[in-house]
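Me: I would like a close look at a single part of this structure, namely the surroundings of whatever is bound in it and the loops that lead away from there. Please explain each term as it comes up, and take your time over it.

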Amino acid sequence: MTTTTDKHPGVATRAVRAGIESDTQHGAVVPPLHLSSNYAFAGFGEPREYDYTRSGNPTRDALGDALTALEGGKRAVVTSSGMAALNVLVQLLEPGDLFVVPHDCYGGTFRLYEALGRKGNFEVAFVDQTDDRAPRAACARGPKLILTETPSNPLLRIVDIARVAELAKQCGALYAVDNTFLSPALQQPISLGADVVIHSTTKYINGHSDVVGGALVAASDELGEELGWWANCIGATGAPFDSFLTLRGIRTLKVRIAQHEASASLLAHVLDEQEGVDRVYYPGLETHPGHDIAVRQQSGFGGMISFEIAGGAEAARVFCDSLEYFSLAESLGGVESLVCHPPTMTHSSVNEAALARAGIRQNIVRLSVGLEDSDDLVADVLGALAAARQATSLKTVAVA
Ligand SMILES: *Cc1c(COP(=O)(O)O)cnc(C)c1O
């Protein structure tokens, strides 16, 4: 596999140039799509580079090489979803091994690891990594693997990757970072000490809401090989057509992220000044508790915003229903704006006690800010806020 990590050109250059003009058969500028599930041997006892697509596929490798270059890793494993990548990750664990996971991780991540922990595949500790004490206490118990998700979903809490990487090194644990919320355009965990980066490429990396996919990017060849062995073994590798589309999405990653962020930053500041908005969670706001760390370890604040709306779950419902340009849908990171009510959507598989522990209240709303004109998005949000205010104040009047 070739990587372009030796020279370190900029993110956009790496994203656009990865695999360009690599076709040796026809000189295709864009890497061709190889859908074939199998490959003929050159002759008896003469296998070629590829034999069977679950094990290896040129189009999937082109995507893997692009991700490797973007994250500054050594080897990528492309999977059929982000959850498949997170499932491949824990193949490294044995019964009795301790696995430290964020207490406020993605709902699907919580569901998978909680269930596998209950089955005895490994021991799992859900820990708040934003302060020093809990990770230190967990480290004293000798974990085999630590996972960080920063910014977290949906509260956009920031974890200091370099600090946890240092702790992981001290206690001899492998360190994985889920980089889905920012993408390598804004954060590169391997450069901060992570051993492996996880992605749901479904989100910003593909960016067009037409593929479900995932990836692991390893900082070393050995770890990449071990993860790749497991991905092939359990059949978690990604499909060629999905890989082709995802690589197409990657070409515009940097310019997309820049516009996502410009509009999100504008909206966060506007929301922060509105009556009827209790709290805005956006790492770009100076009042955000993780702002200073975000400035240090990220090259931007991203396109995701969460906020708490006055008037509880009912206000959240009216707000979501009143928007015109934000679709009420799961997922994030696509060109189209989305709104989500985490307690009833992305986090519906997280029980009430765990939601409370993670600080996720019933009046929270999450926005994935898309690429529509920012003026339209601001006007839409202000209109929906007014509708929510009116509906909930009318209700108070009616009750009185
Ligand atoms: C969406 C998401 C996942 C799961 O990825 P899928 O592609 O939906 O399987 C994992 N982690 C984070 C942070 C996510 O947002």
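Reply: What follows begins at the ligand and then moves outward through the loops.

The model is predicted, so local features are given only at pLDDT of at least 70 and side-chain atom pairs only at pLDDT 80 or more, while totals for chains, interfaces and linings use all residues. Residues are numbered from 1 along each chain as its sequence is written, and side-chain values use heavy atoms, without hydrogens or water.

Around the ligand there are 13 residues, each with a heavy atom within 4 Å of it. The closest of these are M83, D178, S200, T202 and K203. If you ask which element gives the most residues to this shell, the answer is helix 3, residues 82–89, with three residues. A helix here is a DSSP run of H or I with at least four residues, a strand is a run of E with at least two, and both are numbered from the N terminus.

Some of these neighbours can be described atom by atom. A polar backbone atom of G82 is 2.9 Å from an oxygen atom of the ligand, and a polar backbone atom of M83 also has a ligand oxygen at 2.9 Å. With S200 the side chain takes part instead, for one of its polar atoms lies 2.8 Å from an oxygen atom of the ligand. Taken on its own, the ligand has 380 Å² of accessible area, and the protein covers 92% of it (the area comes from the Shrake-Rupley method with a 1.4 Å probe).

D178 and S200, which are among the residues closest to the ligand, lead to another residue of interest, T180. This threonine lies in the loop between strand 5 and strand 6, where strand 5 covers 174–178 and strand 6 covers 196–200. The side chain of T180 makes a polar contact with the side chain of D178 at 2.6 Å; a polar contact is a pair of N or O atoms within 3.5 Å, and within protein one must be able to donate a hydrogen and the other to accept it, with sequence neighbours counted only between side-chain atoms. The side chain of T180 also reaches the backbone nitrogen of S200, at 2.9 Å. T180 counts as buried because its relative accessibility is 7%, where buried means under 20%, exposed over 50% and partly exposed in between.

The loop between strand 5 and strand 6 also holds S183. Although S183 is not a glycine, its phi is positive, at about 75 degrees. It is counted as buried because its relative accessibility is 0%.

Further along, Q187 is placed in the loop between strand 5 and strand 6 as well. Is Q187 buried or exposed? It counts as buried, because its relative accessibility is 1%. A polar atom of the Q187 side chain lies 3.1 Å from the backbone oxygen of T150, and this contact takes us across to another loop.

T150 is joined to P151 by a cis peptide bond, with omega at about -5 degrees. P151 has its place in the loop between strand 4 (145–149) and helix 6 (161–170). P154 is also in the loop between strand 4 and helix 6, and a cis peptide bond joins it to N153, this time with omega at about 5 degrees.

For contrast with the buried residues, it helps to look at some other places in the chain. E21 has its place in the loop between helix 1 (11–17) and helix 2, and its phi is near 60 degrees, a positive value in a residue other than glycine. E21 is called exposed because its relative accessible area is 59%.

D221 belongs to helix 7 and counts as partly exposed because its relative accessibility is 36%. The C-alpha atoms of D221 and G193 are separated by 15 Å, and these residues are 28 residues apart along the chain. S331, found in the loop between strand 10 (327–328) and strand 11 (338–340), is likewise partly exposed, because its relative accessible area is 26%. Between the C-alpha atoms of S331 and I364 there are 16 Å, while 33 residues separate them along the chain.

To return to the starting point, S200 offers a polar side-chain atom 2.8 Å from an oxygen atom of the ligand, while its backbone nitrogen is reached by the side chain of T180.

Methods:
Buried means under 20% relative accessible area, exposed over 50%, partly exposed in between (1.4 Å probe, protein chains only).
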